[in-house]
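Reader: I would like to go through this model by question and answer, with the reasoning set out at each step. Where should we begin?

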Amino acid sequence: MPTIESTTNQPSGGLVYAPEEPSITPDADATRLDRTVDRYRLLLLAKRVGKEWGFTPRMLQLLEYYLAYTTAVDWEEGSRPIVFQSLARTAMDLGVGERQIQKLEKRLFEVGAIAWNDSGNHKRFGRRDPRSGRLLYAYGVDLTPLARLEEALEARLHEKQLYAEAWRATKREISEQRRKIRTLLTRALEEGADAEKCERFEAAYQAIAIELRSHFRLERLRELLDHHQELLAALEVTLGPADDHRTHSQTNPSPIVPPTQKHSRSHALKFAHQEPTTLRIKEGERPAGGRQEEEGGNPEPSTTARQPQQALWTLGQALHRAGQGLREHLPPSKRPTTWSDLVEAAHRRRRDLRISQRSWSDACRRLGRPAAAVCLIQTDRAVNRTTNPASHPDAYFRGVVRKSELGTSRR
């Protein structure tokens, strides 16, 4: 009968390990890392790629937890990073049930981020060399597949970045098309174009002037861009190009605020409160579009023709004094608001106040569009004040325009 020689200094019962021959699994050599890997770079790649690869926030949370459990030596060439902490301990640390951890591990396996190195009874346990810190044996979640995904994740991240740049470029093109469309529509109304035709164009624009949200796919943005280009082409056929000299002279009048030295923000805020809430125009100057233009003269551009409409309101002051009704007509864009945005919002608000198109066009001709918008802000405030509100907005608006043209101000 064969005999079995006893081994000295070998504990009786339990698991046996031999430090001189570390072994994780019998076929471990085929699954070890072939190079040293930065585990936190892998985590960053997984987070940046995100749903493009199938990673959800909960999956990334568990993956980050497992990566933090490993050590740097586990990711060196020839090693194999295995998390041998028990399922119950992981669930307790993350505040979820064990079944939830199992589901998340399954999804990480499906996207190729982990595998399992199971023991015979599917228990998770392991041991490290107390001197080197390397794993002597381990059974649990194997993170080696994540290291092999590095190049694929980098390629997918590059594709995602190219997609994002194309998305942003398409959004910028749509914004530019909208600016031109709004310019043409405003010019058409000011010049007394056919009202029915303008309403049709306005309705077509409102149908596509939706807020561009980040969850829109690039294909949808490109469809919206095509619709904007078609509408702009139709407008230009009817009204002329949006960027010709005539449009430029009417949509970009001389600034409503004369050039001044730059001041600090705190000074600007004090100045905004010190100034009266009415348009102030230099006395003794003729308004733009006055007698000389009516007689067919050729006035000097900018400084001479537009000086009467220059006010002491800055764009920030005008926006600060604008009522809620006018603010609702400002574009919901995150970019800084411009005078053109304010003028368009004022033009839309005048319909709510029942100010006629004729009165608005006359104000734009006399004072320029920005100053006309300031006059409308004053009218809006007068209509909505609690004591003695203006009961006839159209008449009040024409009065403000007349006083502004004459160089006086309503206190």
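Author: Buried means under 20% relative accessible area, exposed means over 50%, and partly exposed lies in between. The model discussed here is predicted.

Reader: Is R222 buried, exposed or partly exposed?

Author: R222 belongs to helix α8. Its relative accessible area is 45%. The limits are under 20% for buried and over 50% for exposed, so R222 counts as partly exposed.

Reader: What distance separates the C-alpha atoms of R222 and W167?

Author: R222 is placed in helix α8. Along the chain, R222 and W167 are 55 residues apart. Between their C-alpha atoms the separation is 8.8 Å.

Reader: Which residues form the negative surface patch?

Author: One of its members, E230, lies in helix α8, which covers residues 218-239. E230 has a relative accessible area of 54% and is therefore exposed. The negative patch is formed by E219, E223, D226 and E230.

Reader: Why is strand β4 described as largely enclosed by the rest of the structure, and how many of its eight residues are buried?

Author: Strand β4 spans residues 135-142. A residue is counted as buried at under 20% relative accessible area. The strand is largely enclosed because the buried residues among its eight number seven.

Reader: How many bridges join strand β3 to β4?

Author: Strand β3 covers residues 125-128, and it runs antiparallel to β4. One pair of facing residues is R128 and L135, the latter in β4. The number of bridges joining β3 to β4 is four.

Reader: Which residue in the hairpin of β3 and β4 takes a positive phi?

Author: Six residues lie between the two strands of this hairpin. A phi near 80° is found there, and the residue that takes it is G133.

Reader: Which residue of β4 is the bridge partner of W116?

Author: Strand β2, residues 115-117, is joined to β4 by three bridges, and the two run antiparallel. Within β4, the partner of W116 is V141.

Reader: Which residue stands opposite I82 in β4?

Author: Strand β1, residues 82-83, also pairs with β4 in the antiparallel sense, over two bridges. Opposite I82 in β4 stands D142.

Reader: Which residue forms a salt bridge with D74?

Author: The closest N and O atoms of this pair are 2.8 Å apart. The pair links distant parts of the chain, 54 residues apart: D74 is in the loop between α2 and β1, and its partner is in strand β3. D74 is buried at 2% relative accessibility, whereas the partner is partly exposed at 22%. That partner is R128.

Reader: Why are R89 and D93 separated by about one helical turn, and what is the N to O distance of their salt bridge?

Author: Both residues are in helix α3, residues 87-94, and they are separated by about one turn because they are four residues apart. R89 is partly exposed at 47% relative accessibility, and D93 is likewise partly exposed at 42%. Their side chains meet in a salt bridge with an N to O distance of 3.6 Å.

Reader: In the salt bridge of R398 and D394, is D394 buried or exposed?

Author: The closest N and O atoms of R398 and D394 are 2.9 Å apart. The two residues lie four apart in helix α17, residues 393-406, and therefore about one helical turn from each other. R398 is partly exposed at 41% relative accessibility. D394 has a relative accessible area of 16%, so D394 is buried.

Reader: How far apart are E191 and R358 in space, C-alpha to C-alpha?

Author: E191 is found in the loop between α6 and α7, and it is partly exposed with a relative accessible area of 34%. In sequence, E191 and R358 are 167 residues apart. In space, C-alpha to C-alpha, the separation is 9.6 Å.

Reader: What value does phi of R354 lie near?

Author: Most residues other than glycine have a negative phi. R354 is in the loop between α14 and α15, and it is exposed, with a relative accessible area of 64%. Its phi is positive, near 60°.

Reader: Where is N388 found?

Author: Phi of N388 is also positive, near 50°. At a relative accessible area of 64%, N388 is exposed. N388 is found in the loop between α16 and α17.

Note on methods
Residues are numbered from 1 along each chain as its sequence is written. This is a predicted model: local features need pLDDT of at least 70, side-chain atom pairs count only at pLDDT 80 or more; totals for chains, interfaces and linings use all residues. Side-chain values use heavy atoms; hydrogens and water are left out. Patches are made of residues with over 30% relative accessible area and no salt bridge: like charges are joined within 9 Å, nonpolar side chains (Val, Leu, Ile, Met, Phe, Trp, Tyr) within 5 Å. Accessible areas come from the Shrake-Rupley method with a 1.4 Å probe; for residues, only the protein chains shown count as cover. A salt bridge is a side-chain nitrogen of Lys or Arg within 4 Å of a carboxyl oxygen of Asp or Glu. Lys and Arg count as positive and Asp and Glu as negative; His and the chain ends are not counted. The place of a charge is taken as NZ of Lys, CZ of Arg, CG of Asp or CD of Glu. Buried means under 20% relative accessible area, exposed over 50%, partly exposed in between (1.4 Å probe, protein chains only). Two strands pair if DSSP finds at least two bridges between them.
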